[in-house]
Amino acid sequence: MEQNKILTTTKMTQCAIFTALIAVGAFIQIPVPYMDYFTLQFFFVLLAGILLGSKLGALAVLLYVVIGLLGIPIFAAGGGLAYIVRPSFGYLLGFIAGAYFTGLVIEKTSFSSLKKYALAVFLGLLVTYIIGLGYKYMILNYYTGTAVSWKLVLLSCFPIDLPGDIFLSILAMMAGVKFEKVFKKGRR
């Protein structure tokens, strides 16, 4: 009983730490001239999936989204329920699924470390973008009334978003491999 309580407390603490890291990542913004900005949220989303697993990783991201929707300005551009109708809100929903599928690959595959982490982070990236772009298309076309083609929505990922998130995926993959080694040493 006491051991389960410690594990539960540890898991809750880890979940809260990743929720906070994702929030901090939203405020680490790299401005891009003539464009928006680029944040480090996605890096922490992927690490949540890698290090916490599918369920706890998704829970950490879900907590981040709920806190932001409650009005705490922890999203890259604020917070509150009105965020739901922003075209970029789909990426926040995609983050939840991305963390889940990243963690699921880590839990279920028996590939070597590098292959496993590469598959995990790029599946997380793919799921995030499918949900994010689909939501963006729906909001623009059906809520705001802005007629936008799928091609234009896909092109909106360039030149910064997708290449930057691929870079963050590679960083998360390398960090995951490194943390795996640290965690194995700690278990000896």
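## Helix α3 and the nonpolar core

The buried residues of α3 (buried meaning under 20% relative accessible area with a 1.4 Å probe and protein chains only, against over 50% for exposed and partly exposed in between) are Ser54, Gly57, Ala58, Ala60, Val61, Tyr64, Val65, Gly68 and Leu69. The model is a predicted one, in which local features need pLDDT of at least 70 and side-chain atom pairs count only at pLDDT 80 or more, whereas totals for chains, interfaces and linings use all residues. Residues are numbered from 1 along each chain as its sequence is written, and side-chain values use heavy atoms, with hydrogens and water left out.

**Overall make-up.** The chain holds 7 helices and 2 strands, taken as DSSP runs numbered from the N terminus (H or I over at least four residues for helices, E over at least two for strands), and their order along the sequence is α-β-β-α-α-α-α-α-α. Of its 188 residues, 44% are buried. The chain exposes about 10500 Å², with 71% of that area supplied by carbon and sulfur atoms; the areas come from the Shrake-Rupley method with a 1.4 Å probe. Where contacts (heavy atoms within 4.5 Å) link residues at least 6 apart in sequence, 66% of them join residues at least 24 apart.

**The core.** A nonpolar core is here a set of buried Ala, Val, Leu, Ile, Met, Phe, Trp, Tyr and Cys residues joined through side-chain atoms within 4.5 Å. The largest one has 52 residues, and Tyr64 and Leu92 are those with the most contacts inside it. At least two residues of this core come from each of α1 (2–27), α2 (41–52), α3 (54–69), α4 (89–108), α5 (113–143) and α7 (161–187), and α5 gives the largest share, 10 residues.

Tyrosine 64 lies in helix α3 and counts as buried because its relative accessibility is 0%. Apart from neighbours within four places in sequence, tyrosine 64 is in contact with Thr19, Ile22, Ala23, Ala26, Gln41, Ile74, Phe75, Ala76 and Leu92. One of these partners, isoleucine 74, is 10 residues away along the chain, and the C-alpha atoms of the two are separated by 7.9 Å. With residues up to four places away again not counted, leucine 92 touches Gln41, Val61, Tyr64, Val65, Phe75 and Tyr83.

**Helix spans and packing.** The expected span of a helix is 1.5 Å times one less than its number of residues, and the table sets this beside the distance between the end C-alpha atoms for two helices.

| Helix | Residues | Expected span | End C-alpha distance |
|---|---|---|---|
| α3 | 16 residues | 22 Å | 22 Å |
| α5 | 31 residues | 45 Å | 43 Å |

The two values agree for α3, and they agree for α5 as well. α3 is followed by glycine 71, whose phi is positive and near 110°, while glycine 145, just after α5, has a positive phi of about 75°.

Helices α2 and α4 pack at an angle of about 35° with their axes 7 Å apart, where axes are lines fitted to C-alpha atoms, for helices over the stretch in contact, and angles run from 0 to 180 degrees between N-to-C directions. In this pairing, Gln41, Phe42, Val45, Leu46, Gly49 and Ile50 of α2 meet Leu92, Phe95, Ala99, Thr102, Gly103 and Ile106 of α4.

**Valine 153.** Helix α6 (residues 150–155) contains valine 153, which is buried, with a relative accessible area of 2%. Valine 153 is in contact with Leu133, Lys136, Tyr137 and Val148, leaving aside neighbours within four places in sequence. Valine 153 and tyrosine 137 are 16 residues apart in sequence and 6.5 Å apart in space, C-alpha to C-alpha.
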